[in-house]
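The report below walks through one protein chain, element by element, for a reader who has not met it before. Please keep the sequence and the model in view while reading.

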Amino acid sequence: MKDATGELSMTAVAVVAIAAISVVFSTLIWPTIKANILRSTYCSQADNCHSCDGGTCTCTYYTEDGETAEVQCSRKEGDTA
């Protein structure tokens, strides 16, 4: 009986640890990863890059609705702006 209680306790500790890691990932890490993926996608679709300052440029891209929006992109090789 003592062994079964010990295994149940370790299972509970494992479940709580997995839940804690999941919460940290979904609230702190995933939003940053998602924002970087979206910014990278918008920069690859950018048309008009202007206002270049050092290593970044302000670029215009088209949203899914067909409207324009701006995003900060890193300067690429061959950019003249």
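## The two hairpins

Strands β1 and β2 form a hairpin with two residues between them, and in its turn G54 has a positive phi of about 70 degrees. Helices and strands are taken here from DSSP runs and numbered from the N terminus, a helix (H or I) needing at least four residues and a strand (E) at least two. Four bridges join β1 to β2, and these strands run antiparallel; two strands are said to pair if DSSP finds at least two bridges between them. Among the bridge partners in this hairpin, D53 is matched with T56 of β2, and C49 is matched with C59 of β2.

The hairpin of β2 and β3 has five residues between the strands, and G66 takes a positive phi near 90 degrees there. Strand β2 (residues 56-62) is joined to β3 by seven bridges, again in an antiparallel arrangement. Bridge partners across this hairpin include C59 with V71 of β3, T60 with E70 of β3, and Y61 with A69 of β3.

## How far the model can be trusted

This is a predicted model, in which local features need pLDDT of at least 70 and side-chain atom pairs count only at pLDDT 80 or more, while totals for chains, interfaces and linings use all residues. Residues are numbered from 1 along each chain as its sequence is written, and side-chain values use heavy atoms, with hydrogens and water left out.

The mean pLDDT of the protein chain is 83, and 86% of its residues reach 70 or more; pLDDT is the predictor's confidence in each residue, on a scale from 0 to 100. Among the elements of the chain, β1 has the lowest mean pLDDT, at 79, and α1 has the highest, at 89. Where pLDDT is low, the predicted coordinates should not be read in detail.

## The sheet as a whole

The protein chain holds one helix and three strands, and from the N terminus on its elements run α-β-β-β. The strands make an open sheet in the order β1-β2-β3, with antiparallel pairing. Because β1 (48-53) and β3 (68-74) stand at the edges, each with a single partner strand, one side of each is left without a neighbour in the sheet. From one strand to the next, the twist averages 25 degrees, an angle that runs from 0 to 180 degrees between N-to-C directions, with axes as lines fitted to C-alpha atoms.

## Buried and exposed positions

Of the 81 residues of the protein chain, 11% count as buried, where buried means under 20% relative accessible area, exposed over 50%, and partly exposed in between, with a 1.4 Å probe and protein chains only. Five of the seven residues of β2 are buried, so this strand is largely enclosed by the rest of the structure. Y61, which lies in strand β2, counts as buried at 8% relative accessibility. Y61 and A46 are 15 residues apart in sequence, and their C-alpha atoms are 4.4 Å apart in space.

S51 is found in strand β1 and is exposed, with a relative accessible area of 52%. The C-alpha atoms of S51 and Q72 are separated by 9.8 Å, although these residues are 21 residues apart along the chain.

## A nonpolar patch

V24, F25, L28, I29, W30, I33 and I37 make a nonpolar surface patch of about 640 Å². Patches are made of residues with over 30% relative accessible area and no salt bridge, like charges being joined within 9 Å and nonpolar side chains (Val, Leu, Ile, Met, Phe, Trp, Tyr) within 5 Å. A salt bridge is a side-chain nitrogen of Lys or Arg within 4 Å of a carboxyl oxygen of Asp or Glu. Accessible areas come from the Shrake-Rupley method with a 1.4 Å probe, and for residues only the protein chains shown count as cover. V24 is found in helix α1 (residues 2-44) and, at 41% relative accessibility, counts as partly exposed.
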